[in-house]
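Me: I should like to learn how the features of a protein model are read, one at a time. Please give the general idea in each case and then apply it to the structure shown here.

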Amino acid sequence: MRPLKPWEDPLGRAYLGFAEEMTQEQIYEANRGCWVLGARADREQFALINYKGVIRQAIEIERIVPAGNRRAMEGKILTAGHPVYDAYVGKPSPVDAVRNPITYFESEHASRACGCGCGAEVKLGHFLPGHDQKALHDRVARIGTVHEFIHWFDDIMESRQAENGPDRAPEA
């Protein structure tokens, strides 16, 4: 575990890394960011925290947020009984040692329902190819025309910005 000064970390953490006596929450806070996370990270569902070749924690990624000039994961710490936790935590890393702390691998546990609602399984990302457009157009049609959708959307965003202030991003 490495101590940090308050000005060293955009997330305000006091330390990074791992120590055997850390709680799962402490491991999460110390390791969820600040990382150089490329576009692929936005399609990932899970993250594994590795220390000395052993997986110490599994996280279900809910979103990736800015953290200074890098990004950080926000999500749920998985526990025993979850298939990803049971497959990896306390076991050797599924990825051979590499220099880059962020690596990706294919996992049989990485699947979710397509975001359009069709019920198909997606291994990477949120939609099957083309289904994002189908989902978007289905929602536009619920409002009416594209023109009506744009006005509806702009009204919603204007209302949220009025609630949150001009310099704050709207809450999702």
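Me: Is Lys134 buried, partly exposed or exposed, and at what relative accessibility?

Reply: The classes rest on relative accessible area: buried means under 20%, exposed over 50%, and partly exposed in between, with a 1.4 Å probe and protein chains only. Lys134 counts as partly exposed because its relative accessibility is 43%. Asp138, at 34%, is also partly exposed. Please note that this is a predicted model, in which local features need pLDDT of at least 70 and side-chain atom pairs count only at pLDDT 80 or more, while totals for chains, interfaces and linings use all residues. Residues are numbered from 1 along each chain as its sequence is written, and side-chain values use heavy atoms, with hydrogens and water left out.

Me: What joins the side chains of Lys134 and Asp138?

Reply: A salt bridge requires a side-chain nitrogen of Lys or Arg within 4 Å of a carboxyl oxygen of Asp or Glu. Lys134 and Asp138 satisfy this, with an N to O distance of 3.0 Å. Their positions in the helix explain the meeting. An α-helix has 3.6 residues a turn, so residues three or four places apart point the same way. Lys134 and Asp138 are 4 residues apart in helix α3 (residues 131-143), about one helical turn. Helices here are DSSP runs of H or I with at least four residues, strands are runs of E with at least two, and both are numbered from the N terminus.

Me: How many salt bridges are there by this rule?

Reply: The count comes to 8. One of them links Arg13 to Asp9, whose closest N and O atoms are 2.8 Å apart. Arg13 is buried, at 7% relative accessibility, and Asp9 is buried at 8%.

Another joins Arg71 and Asp42, at 3.1 Å between the closest N and O atoms. Arg71 lies in strand β6 and Asp42 in the loop between β3 and β4, so this pair ties together parts 29 residues apart in sequence. Asp42 is partly exposed, at 38% relative accessibility.

Me: In what order do the strands of the open sheet lie?

Reply: Two strands are taken to pair if DSSP finds at least two bridges between them. The open sheet has 4 strands in the order β3-β6-β5-β4, with antiparallel pairing. Its edge strands are β3 and β4, each of which pairs on one side only. From one strand to the next, the twist averages 50°. Angles run from 0 to 180 degrees between N-to-C directions, and axes are lines fitted to C-alpha atoms, for helices over the stretch in contact.

Helix α1 packs on this sheet and touches β3, β4, β5 and β6; the direction of α1 makes about 160° with that of β6. Contact means heavy atoms within 4.5 Å. The buried residues of α1 (residues 24-31) are Ile27, Tyr28, Ala30 and Asn31.

Me: Which residues take a positive phi in the hairpins?

Reply: β4 and β5 pair in the antiparallel sense over 6 bridges, with Leu48 opposite Ala58 in β5. Their hairpin has 2 residues between the strands, and Lys52 has a positive phi near 55°. β5 and β6 are antiparallel over 8 bridges, and Ile59 has Ile77 of β6 as its bridge partner. Their hairpin also has 2 residues between the strands, and Gly68 in the turn has a positive phi of about 65°.

Me: Which residues have the most contacts inside the largest nonpolar core?

Reply: In soluble globular proteins, nonpolar side chains tend to be buried together. A nonpolar core is a set of buried Ala, Val, Leu, Ile, Met, Phe, Trp, Tyr and Cys residues joined through side-chain atoms within 4.5 Å. The largest has 16 residues, and Leu37, Ile64 and Met73 have the most contacts inside it. The elements giving two or more residues to this core are α1, β4, β5 and β6. Apart from it lies another core, of 7 residues, including Phe46 and Val84.

Me: How many disulfides does the structure hold?

Reply: A disulfide is a pair of cysteine sulfur atoms within 2.5 Å. The structure holds 0. The closest cysteine sulfur to that of Cys116 is in Cys114, at 3.6 Å, which is too far for a bond. For Cys118, the closest is in Cys116, at 3.6 Å, again too far for a bond.
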